[in-house]
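Trainee: Could you take me through one part of this model up close? I'd like to see how a single strand sits among its neighbours.

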Amino acid sequence: MSATRNYTLRIWRQSSANQSGSLQEYKASNISPDTSFLEMLDIVNESILKSGGDPVAFDHDCREGICGMCSLYINGRPHGPLQKTTTCQLFMRNFPDGEVIYIEPWRAKAFPVIKDLVTDRSAFDRIMAVGGFVSVNTGAAVDANAILIGKELADQAFDSAACIGCGACVAACKNASAMLFVSAKVNQLAILPQGAPERRKRVEAMVAQMDAEGFGNCTNTGACEAECPKGISVTNIAKMNREFISATLDLL
């Protein structure tokens with residue numbers, strides 16, 4: 001069995017959106033290297049509860065790297081130190097014994113803190129609601145290959161669709177830009193035949209909602225791609241810009 005490790009955690013505590021917050025120190029003792037980061041927080045919360053304190057609030061759901069809920073800023077990086085890894089798939093063997101670990105919520109005007117490490121990311125939902133879907137009547141179930149799609153296009157659509165909407169791109173960007181998220185959602189549909197009839201309406205509505213939510217502009221630094229746990233490429237942003245310009249010039 002692997003030797004256990006001890007850590008000092010400096011966790012952002014904030015009782016509500018209207019209260020100011022601060023970093024508070026906790027000890028995580030006798031942690032197995034095979035423990036996931038969220039399981040380590042569970043252990044710390046059990047200790048806090050036993051002492052009569054208020055456990056640390058943090059988001060989590062599937063713990064399989066596909067839901068995008070585990071939004072933690074760890075040592076200054078969204079989802080922690082590993083590339084293409086969500087927080088729930090991050091294990092304590094990636095942190096040396098004795099390390100001081102800073103844990104904070106996403107920092108963005110459009111992602112207000114609800115409590116502790118939980119932020120309100122419903123801005124992404126509102127962007128999706130204005131156009132991130134196909135509204136054709138699909139009718140009865142048909143064979144999966146009824147509409148043939150070339151492998152190259154299918155691969156491109158799948159690469160964009162891999163976005164889990166966690167918001168790490170926003171948290172990593174100095175301008176809190178959401179363009180990597182929005183562009184992935186625009187492009188996953190724009191390049192498929194099912195999504196073509198609504199391309200213009202979709203990109204115009206989703207970009208307008210993104211701006212209305214208060215996200216910043218893209219300055220092409222690439223931090224969003226570097227921190228994305230699913231490896232979404234910034235080429236999506238260039239494609240979305242072409243979609244948007246073509247829509248405004250009535251070329252779609």
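Mentor: Start where Arg-13 stands opposite Ser-22, the latter being in β2. This is a predicted model, by the way. Strand β1 covers residues 5-13, and β2 covers residues 22-31. The two run antiparallel, with eight bridges joining them. As background, strands of a sheet pair through backbone hydrogen bonds, and the pairing can be parallel or antiparallel.

Now zoom out a little. β1 and β2 belong to an open sheet of five strands, ordered β2-β1-β5-β3-β4, and the pairing in that sheet is mixed. β2 is an edge strand, as is β4 (77-78), since each of them pairs on one side only. Across part of this sheet lies helix α1, residues 37-50. The strands it crosses are β1, β2, β3 (73-74) and β5 (100-104), and its direction makes an angle of about 100 degrees with β2.

Back on β2, have a look at Leu-23, which is in that strand. Its relative accessibility is 38%, so Leu-23 counts as partly exposed; the cut-offs here are under 20% for buried and over 50% for exposed. Leu-23 also joins Val-100 and Tyr-102 in a nonpolar patch on the surface, and together the three have about 210 Å² of accessible area.

For a contrasting spot, follow the chain to Ala-108, in the loop between β5 and β6 (113-115). With 14% relative accessibility, Ala-108 counts as buried. Leaving aside residues up to four places away in sequence, Ala-108 touches Val-170 and Ala-176.

How values were computed: Residues are numbered from 1 along each chain as its sequence is written. This is a predicted model: local features need pLDDT of at least 70, side-chain atom pairs count only at pLDDT 80 or more; totals for chains, interfaces and linings use all residues. Side-chain values use heavy atoms; hydrogens and water are left out. Patches are made of residues with over 30% relative accessible area and no salt bridge: like charges are joined within 9 Å, nonpolar side chains (Val, Leu, Ile, Met, Phe, Trp, Tyr) within 5 Å. Accessible areas come from the Shrake-Rupley method with a 1.4 Å probe; for residues, only the protein chains shown count as cover. A salt bridge is a side-chain nitrogen of Lys or Arg within 4 Å of a carboxyl oxygen of Asp or Glu. Helices (H or I, at least four residues) and strands (E, at least two) are DSSP runs, numbered from the N terminus. Buried means under 20% relative accessible area, exposed over 50%, partly exposed in between (1.4 Å probe, protein chains only). Two strands pair if DSSP finds at least two bridges between them. Contact means heavy atoms within 4.5 Å. Axes are lines fitted to C-alpha atoms, for helices over the stretch in contact, and angles run from 0 to 180 degrees between N-to-C directions.
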